[in-house]
Amino acid sequence: MKRREFLAGTAMAAALSTLPMTLAQAATPPNMLVIANRIDDITTLDPAESFEFAGSDVSRNVYGKLVNFDPMDLDAGYGPDLAESWTVSEDGKTITFKMRAGVKFHSGNPVTAKDAEYSLRRAVILEKTPSFILTQFGFSKDNVEETIKATDDMTLVITTDQKYATSFVLNCLTSTIGGIVDMKTVMEHEVDGDMGNAWLKTNTAGSGAYKLISWKPNESVSLQANPDFYLGKPAMERVIVRHVQESASQRLLLERGDIDVARNLNPEDVKGITGKDGIAIDSELRGRIMYISLNQKHPELSKPEVKEAIKYLIDYEGMQNSFLNGQYAIHQNFLPRTYLGAIDDAPYSLNVEKAKELLAKAGVENLEITAGVRDAQERIEIGQSIQNTLAQAGIKLNLVVGTGKQTLSKYRARELDMYIGAWGPDYPDPQTNAGTFAYNPDNSDDAGLTGLLAWRNAWNPGDLTAQVDAAVIEGDRDTRKKMYEDMQREFLKTSPFAIMFQKIEQTGRRDNVKNLNLGGAITAVSYWPVTK
Amino acid sequence: MALAENSGGGRRGSPFLRHWVIPAGKTAVSIAVTMLGLLFVTFVIGRVMPIDPVLSIVGESASPATVQAAREQLGLDQPLVVQFWYYLRDVLHGDFGTSLLTAHPVSEDIKRVFPATLELATLGTIIGVVVGVPLGVVAAVRQGSWIDQIARVVALVGYSMPIFWLGLMGLLIFYGILGWVGGPGRLDIFYEDIVPQRTGMILIDSAWAGDWSVFRNAFSHIILPASLLGYYSLAYISRMTRSFMLEQLSAEYITTARVKGLPERTVIWRHALGNIRVQLITVIALSYAQLLEGSVLTEIIFSWPGIGQYITNALLSADMNAVLGGTVVVGLIFILLNIFSDLLYKFFDPRAK
């Protein structure tokens with residue numbers, strides 16, 4: 001069915017782009033924002049549990065957090081939200097938050113430090129999938145009473161197990177799991193000691209710009225503006241996100257003016273509506289990264305010249321401008337752009353002569369390697385492109401296409417020569433990627449550190465491991481930023497990873513919709529600044 | 001229609017008892033056994049699948065203790081038969097469990113998605129019958145004429161065109177360019193949540209509430225997908241009608257009727273068509289049942305939140321409570337339609353009594 005759908009969709013897109021059309025126009029009301037999106041990934045709205053894209057979109061607009069990103073200035077990093085200010089103890093282990101006065105939950109209850117204490121403790125105790133974002137600081141079921149504590153209604157004190165960079169802790173608190181819930185309302189709905197989990201899956205109890213009116217699975221999410229929002233009542237009285245699976249259907253709705261924003265347009269449909277009256281296309285960078293990596297157990301692939309040669313044997317531009325057009329942008333560093341410490345350096349481009357020189361210098365001839373590729377269209381195409389360019393320098397690349405599970409289990413067992421992969425960050429702090437690409441405290445097979453990409457490629461990053469550890473505890477944000485920049489420059493030269501692309505999301509919108517920010521690579525969409 | 005055979009009845013007792021009460025009892029037993037079998041097979045398939053429902057609940061990073069606790073809470077540590085017994089007990093109380101995908105009770109989900117499909121399939125079938133039957137009759141009467149040829153082409157296109165393509169083209173032309181009908185979705189957003197939900201079928205709910213603007217809007221949204229489904233059932237119904245009619249028209253009683261001097265209209269529409277009613281009911285019921293299972297592709301293109309998409313999504317993510325709930329509903333529909341057509345047989349065909 002998938003293939004048939006795909007073919008039909010392509011045929012449709014082709015038909016759409018050739019037909020001369022004058023579409024009758026409708027318009028959504030001026031105080032209402034209507035969005036078409038795929039929302040079938042929402043399985044829960046509980047901030048302690050939610051770990052999917054469409055769920056984070058809802059959460060970001062419904063729940064306030066201690067600290068948060070300003071949608072109009074994401075580059076500024078986190079800033080105050082429900083916490084007005086904070087101080088860090090001298091030993092760097094304790095952060096004391098001063099709550100903002102006068103903020104209310106949608107229920108009318110005041111937002112206090114007790115609610116913040118409850119929300120963070122709850123996320124740790126419930127142990128749902130994203131709980132590691134908090135428990136990595138040493139919080140556990142058994143110690144939350146001491147480590148997360150409201151000393152009075154306006155003061156929250158959290159104590160980590162060792163010193164961490166303040167920016168690391170605070171960045172993690174901006175993720176969905178840092179959402180502050182209304183303790184009273186939630187506890188009224190507790191069933192069998194579930195801390196209101198069953199109820200919060202389908203209901204909300206926040207203090208954010210919007211409150212949830214309804215979530216109809218696979219159908220729609222309706223939000224109503226919170227008139228008491230502490231930053232002022234949002235201009236859009238209602239926001240309705242409709243589940244529209246098909247790109248072609250989203251496009252028709254957008255062209256007719258029945259929706260304001262279409263979030264899942266495929267490249268053909270984007271091309272088809274570019275330049276049409278009343279429609280604008282936005283491109284925003286997301287967090288996903290595409291890379292290839294070389295197993296350092298391989299006697300040839302571990303030579304520095306070979307690693308460098310292969311980085312010169314990738315047609316970054318050719319891929320970006322052909323089959324990845326509009327979906328991925330060239331990016332050669334492990335931190336996605338918009339992350340703290342991200343850099344734009346891109347020294348590598350296809351240069352077969354230079355690669356040949358490097359290979360000759362290393363004394364490598366007639367190299368034949370095998371790469372594992374998951375059976376996803378874009379990865380197979382990337383694999384074929386690399387196969388072609390490697391061949392130009394005399395390297396024979398065999399592509400072994402397998403299901404995600406097959407390929408991944410070989411990768412985790414360090415059995416592949418080369419892997420063509422993608423990586424998405426788990427939380428909006430550089431540690432999420434640095435701690436896996438450039439960190440490997442024990443490179444032995446027995447260590448079994450399968451969660452670390454460096455270990456999977458049997459790569460000992462040398463002093464980078466210590467640098468990652470140091471950056472995690474650096475208290476000064478600017479110094480920390482510099483540390484990641486330096487790390488990436490060294491990584492770019494020495495690592496067996498060739499990072500190639502960063503994901504772009506293209507969104508179609510009616511051009512009267514202003515200030516819509518999708519959250520870049522670090523957070524989710526924000527509806528409250530939107531005007532029409 | 002196997003259930004028709006159950007209507008034999010005993011030899012003694014009042015005619016009422018013989019004709020209605022005993023067959024009804026037999027039918028009830030037969031439904032119960034069929035449902036039980038259906039539940040058991042689906043349940044076993046769900047449990048032997050190599051997917052661990054516990055993992056999808058607690059997440060991959062949960063501790064072994066949490067996993068074990070969840071396993072016990074779900075009763076998954078019990079033998080299969082015991083698990084089935086618990087499940088059956090819950091189902092008899094109307095509790096299908098909670099869907100993993102939507103976090104809502106399955107019964108609530110079905111109450112939401114099934115009326116959407118029911119409304120669409122019913123309108124689709126009405127269109128299929130109203131157009132398909134006369135088209136089939138005329139094609140049979142004027143066998144080989146241009147009408148017959150057109151009917152043949154219409155049916156052929158209906159059989160062979162991918163619904164995905166036809167649906168998108170329909171949307172492009174009638175919604176995108178001409179603006180005659182509503183776009184994807186059941187209503188324009190301004191009309192949503194206005195009329196109180198009674199049946200979940202918006203056409204009926206809005207007519208009930210007397211809110212004709214909502215009715216008109218809902219109609220403008222449903223007419224295109226319903227016509228599309230109607231077209232597919234029309235293709236089938238018209239071909240079957242034609243072949244049933246051809247058989248009747250060559251029968252001797254038709255010649256007799258014509259010799260007697262009865263008007264051709266009466267011969268065709270009353271005598272011949274009257275005699276294929278029973279066969280037509282079977283065809284229509286089958287095609288209706290098929291539409292009620294939900295047409296996944298139509299639902300995707302038209303963003304129609306129906307039971308087809310619901311069951312498919314549930315299957316793909318191993319959401320077994322939702323799959324079982326959906327299967328029970330679809331099974332029930334087949335059984336009910338079976339009974340309904342049996343009743344119609346009795347009504348139309350004295351031999352079935």
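**Entry 1. The annotated domain of chain A**

How far apart are the end C-alpha atoms of residues 79-443 of chain A, and what are the percentages of helix and strand there? I began with this question, bearing in mind that the model is predicted. I found the end C-alpha atoms of this stretch 38 Å apart. The stretch is 32% helix and 23% strand. I chose these limits from UniProt, where an unreviewed entry places the feature "domain: Solute-binding protein family" at residues 79-443 of chain A.

**Entry 2. The annotated domain of chain B**

I next looked up chain B, for which an unreviewed UniProt entry gives "domain: ABC transmembrane type-1" at residues 114-345. Over residues 114-345 of chain B, I noted 78% helix and 0% strand. The end C-alpha atoms of this stretch are 27 Å apart.

**Entry 3. Annotated transmembrane regions**

I then checked the UniProt annotation "transmembrane region", also from an unreviewed entry, which covers residues 20-45, 120-141, 153-178, 218-237, 280-302 and 322-345 of chain B. I took two of these spans for inspection. Residues 153-178 of chain B are 88% helix and 0% strand, with end C-alpha atoms 26 Å apart. Residues 218-237 of chain B are 100% helix and 0% strand, and their end C-alpha atoms lie 27 Å apart.

**Entry 4. Helices that cross helix 15 of chain B**

I followed helix 15 of chain B, residues 320-348, and looked at its partners. The axis of helix 1 of chain B, residues 15-48, comes within 10 Å of the axis of helix 15, and the two cross at roughly 155°. Because angles over 145 degrees count as roughly antiparallel, I recorded helix 1 of chain B as roughly antiparallel to helix 15 of chain B. The crossing of helix 1 with helix 15 in chain B is right-handed. I sorted the residues of this contact between helix 1 and helix 15 of chain B by class and recorded 14 nonpolar, seven polar and two charged residues.

Helix 12 of chain B, residues 277-292, is another partner: its axis and that of helix 15 of chain B come within 10 Å and cross at roughly 165°. Helix 12 of chain B is therefore roughly antiparallel to helix 15 of chain B. I noted a right-handed crossing for helix 12 and helix 15 of chain B.

**Entry 5. An oblique pair**

Are helix 6 and helix 9 of chain B antiparallel or oblique to each other? Their axes, for residues 146-160 and residues 212-249 of chain B, come within 8 Å and cross at roughly 135°. Helix 6 and helix 9 of chain B are therefore oblique to each other. Helix 6 of chain B passes helix 9 of chain B in a left-handed crossing.

**Entry 6. Cavities**

I turned to enclosed space and counted eight cavities of 30 Å³ or more. The largest cavity holds about 90 Å³ of space. Its lining includes Val34(A), Arg242(A) and Asp258(A), as well as Pro184(B), Phe190(B) and His221(B). By class, I recorded seven nonpolar, two polar and three charged residues in the lining of the largest cavity.

**Entry 7. The second largest pocket**

I ended with the second largest pocket, which has about 620 Å³ of space. It is lined by 32 residues, and those closest to its centre are Lys216(A), Glu219(A), Arg186(B), Asp193(B) and Gln197(B).

Which helix gives the most to the lining of the second largest pocket? I found that helix 5 of chain B does, with four residues. Strand 8 (210-216) and strand 10 (238-243) of chain A, and helix 5 (106-141) and helix 8 (202-209) of chain B, each supply at least two lining residues. The lining of the second largest pocket has ten nonpolar, eleven polar and eleven charged residues.

Methods
Residues are numbered from 1 along each chain as its sequence is written. Chains are lettered from A and ligands numbered from 1 in the order in which they are written. This is a predicted model: local features need pLDDT of at least 70, side-chain atom pairs count only at pLDDT 80 or more; totals for chains, interfaces and linings use all residues. Side-chain values use heavy atoms; hydrogens and water are left out. Axes are lines fitted to C-alpha atoms, for helices over the stretch in contact, and angles run from 0 to 180 degrees between N-to-C directions. Angles under 35 degrees count as roughly parallel, over 145 as roughly antiparallel, 65 to 115 as roughly perpendicular and the rest as oblique. A crossing is left-handed if the near helix is turned anticlockwise from the far one by less than a right angle, and right-handed if clockwise. Ala, Val, Leu, Ile, Met, Phe, Trp, Tyr, Cys and Pro count as nonpolar, Asp, Glu, Lys and Arg as charged, and the others, Gly among them, as polar. UniProt positions are given in the numbering used here, feature names are shortened, and annotations may be inferred rather than shown by experiment. On a 1 Å grid over the protein atoms alone, a cavity is a set of points where a 1.4 Å probe fits but cannot get out, and a pocket is an open set with protein on both sides within 12 Å along at least five of seven lines; lining residues have an atom within 4 Å of a point. Grid points are joined across faces, edges and corners, and a volume is the space filled by probe spheres set on the points.
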